[in-house]
Amino acid sequence: MTAKVFLQTLCNLKRAVFLTVVFRLVFVSFSLPAQTDHEEAGRSKYIQQFPDKFYLKPILTVRNLDLKIRDRDGSTQTVIYEPTTNTYLGLGFYMFKLSVELSLRLPVDDKDIERYGETSAFDFQSNIYSKRWGADIAYQDYEGFYVRNPDDLFPSWNKDGPFPQRSDLEARNFQLNGFYIFNHEKFSYRSSFIQADKQLKSAGSFLLGTTLGIFKFEADSALVPGNTDAALEEQIKAGRFAILGLLPGYTYNFIVKDFYLNLSFSAGPANVWTKYRTDADVSTDSKVRPIVGVRAAFGYNSQRFFCGFSMVSQSISYDVDKLDINGQTGNAKLFFGYRFLEKGFMKERFF
């Protein structure tokens, strides 16, 4: 790793840590309403808390921002753009009722760069879970993608050679989601995704969420390759999409002793304000499009030790005349951790 890359990584880490702490402090301050003794007693039959413990957990995270362009008429092949592997190694901790994760992006192997190209990326994502509410916050800026399905687009492509690459393609995503957990007396997201609690019995809950965001991409040439006679909308070079949507859903924790499995699904309508550019023109539009959110987690959660896997993903299809442009964002985490008894200043309660 060169000195320039190291300094850039350190700067990105400082920004990510600062944003994580600020957003989580603000969220915690608005999501801790007082509960009666009766409510706490009922909740304790389904959910165990650890008021006198903190934990540490190493985390391996893969973050993604993909772009899929499909021609609904079938005159051109679907093209899928992905960044070079975006993997982070970090450490998470839960202390003072606050969960924080610090991570550094792992360097990409030279062989992967040769085969898939190089991606310059800043990716801040934070998934926040309280007893009643949850939120997802993301800002992603990726430059440099490769074509994941060259077999469909380039018949003469050599499978042993590099994938077709688009170093000129840049994509940015800002996303802010919020959701309410209706059955918070019996169901805990915190158990499956940040291990702040332990779910004792299987339970589920309806969810109601909202999402807003801005997704944009830009390239030097058309994003649908290989067809010079394509319609203008298939020669799209840049697009900007503003999203406001409603996401009702359902989630369930399956519990077998100390093992858990969470499955969550949300889907709903979103209004999308579109602006896109071709060589010939700039066009605007506004349509209602479906948006889908998926979460899943499984693992082992005992009194002291825990480990597992979690995944959060959201996708929306942006309609541009005859094209479906699908943007998918999210992260996947592999982790293990251990709880320790709080001592000294750790016993102080600031939130």
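**Entry 1. Charged pairs**

I began with a network of salt bridges that links Arg70, Arg289 and Asp324. I note here that the model is predicted. I then asked how many salt bridges there are by the rule in use. The count comes to 13.

Next I looked up Asp136, whose side chain meets that of Arg295 in a salt bridge with an N to O distance of 2.4 Å. Asp136 belongs to strand E7, residues 133–147, and Arg295 to strand E13, residues 282–301, so this pair ties together parts that lie 159 residues apart in sequence. Are Asp136 and Arg295 buried or exposed? I found both of them buried.

I turned to Asp319, which forms a salt bridge with Lys287 through their side chains, at 2.8 Å from N to O. Asp319 sits in strand E14 (residues 305–320) and Lys287 in strand E13, so parts 32 residues apart in sequence are tied together by the pair. I checked the cover of each partner. Asp319 has 11% relative accessibility and counts as buried, because buried means under 20%. Lys287 has a relative accessible area of 27% and is therefore partly exposed.

I also wrote down the pair of Asp168 and Arg166, whose side chains meet in a salt bridge at 2.9 Å, N to O. Arg166 counts as buried, with 11% relative accessibility.

**Entry 2. The inside**

I looked for enclosed space. Rolling a probe the size of a water molecule over the atoms shows where empty space is left. In this structure I recorded seven cavities of 30 Å³ or more. The largest of these has a volume of about 280 Å³.

Which residues lie closest to the centre of the largest cavity? Of the 28 residues in its lining, they are Asp136, Asn177, Gly293, Arg295 and Gln314. I had already met Asp136 and Arg295 as partners in a salt bridge.

I then asked which strands each supply at least two residues of this lining. My list is strand E6 (120–129), E7, E8, E10, strand E12 (259–277), E13, E14 and strand E15 (323–341). By class, I noted 17 polar, nine nonpolar and two charged residues in the lining of the largest cavity.

The second largest cavity holds about 130 Å³ of space. Its lining is made by 17 residues, and Asn173, Gln175, Gln314, Ile316 and Tyr318 lie nearest its centre. Gln314 is thus on my list for the largest cavity and on my list for the second largest.

E8, E10, E14 and E15 each give at least two residues to the lining of the second largest cavity. Which strand gives the most? I found that E10 does, with five residues. By class, the lining of the second largest cavity has nine polar, eight nonpolar and no charged residues.

**Entry 3. The outside**

I looked up a nonpolar patch on the surface, with an area of about 590 Å². The patch is made by Tyr139, Phe174, Leu176, Leu212, Ile214, Leu244 and Trp273. Strands E8 (165–181) and E10 (203–218) each supply at least two of the patch residues. Both strands were already in my notes on the lining of the second largest cavity.

I picked one patch residue to check. Phe174 is placed in strand E8, and Phe174 is partly exposed, with 35% relative accessible area.

I also checked Leu104, which is in strand E5, residues 98–105. Leu104 has a relative accessible area of 38% and is partly exposed. The C-alpha atom of Leu104 is separated by 8.5 Å from that of Thr87, a residue 17 positions away along the chain.

**Entry 4. Backbone angles**

I noted positive phi values in two residues. Gln195 is a residue other than glycine, yet its phi is positive, near 55°. Gln195 lies in the loop between helix H5 (189–193) and strand E9 (197–199). Is Gln195 buried or exposed? Gln195 counts as buried, with 0% relative accessibility.

Lys257 is not a glycine either, and I recorded a positive phi of about 55° for this residue. Lys257 is in the loop between strand E11 (238–256) and E12. With 74% relative accessibility, Lys257 counts as exposed. My notes therefore hold one loop residue with positive phi that is buried, Gln195, and one that is exposed, Lys257.

Note on methods:
Residues numbered from 1 in each chain as written. Predicted model: local features only at pLDDT ≥ 70, side-chain atom pairs only at ≥ 80, totals over all residues. Heavy atoms only, no water. Salt bridge = Lys/Arg side-chain N within 4 Å of Asp/Glu carboxyl O. Helix = DSSP H or I, 4+ residues; strand = E, 2+ residues; numbered from the N terminus. Buried < 20%, exposed > 50% of the residue type's maximum accessible area, 1.4 Å probe, protein only. Patch = residues over 30% accessible without salt bridge, like charges linked within 9 Å, V, L, I, M, F, W, Y side chains within 5 Å. Areas by Shrake-Rupley, 256 points an atom, 1.4 Å probe, with all protein chains shown as cover. 1 Å grid on protein atoms, 1.4 Å probe; cavity = no way out; pocket = protein on both sides within 12 Å on 5 of 7 lines; lining within 4 Å. Points joined across faces, edges and corners; volume = space filled by probe spheres on them. Nonpolar A, V, L, I, M, F, W, Y, C, P; charged D, E, K, R; others polar.
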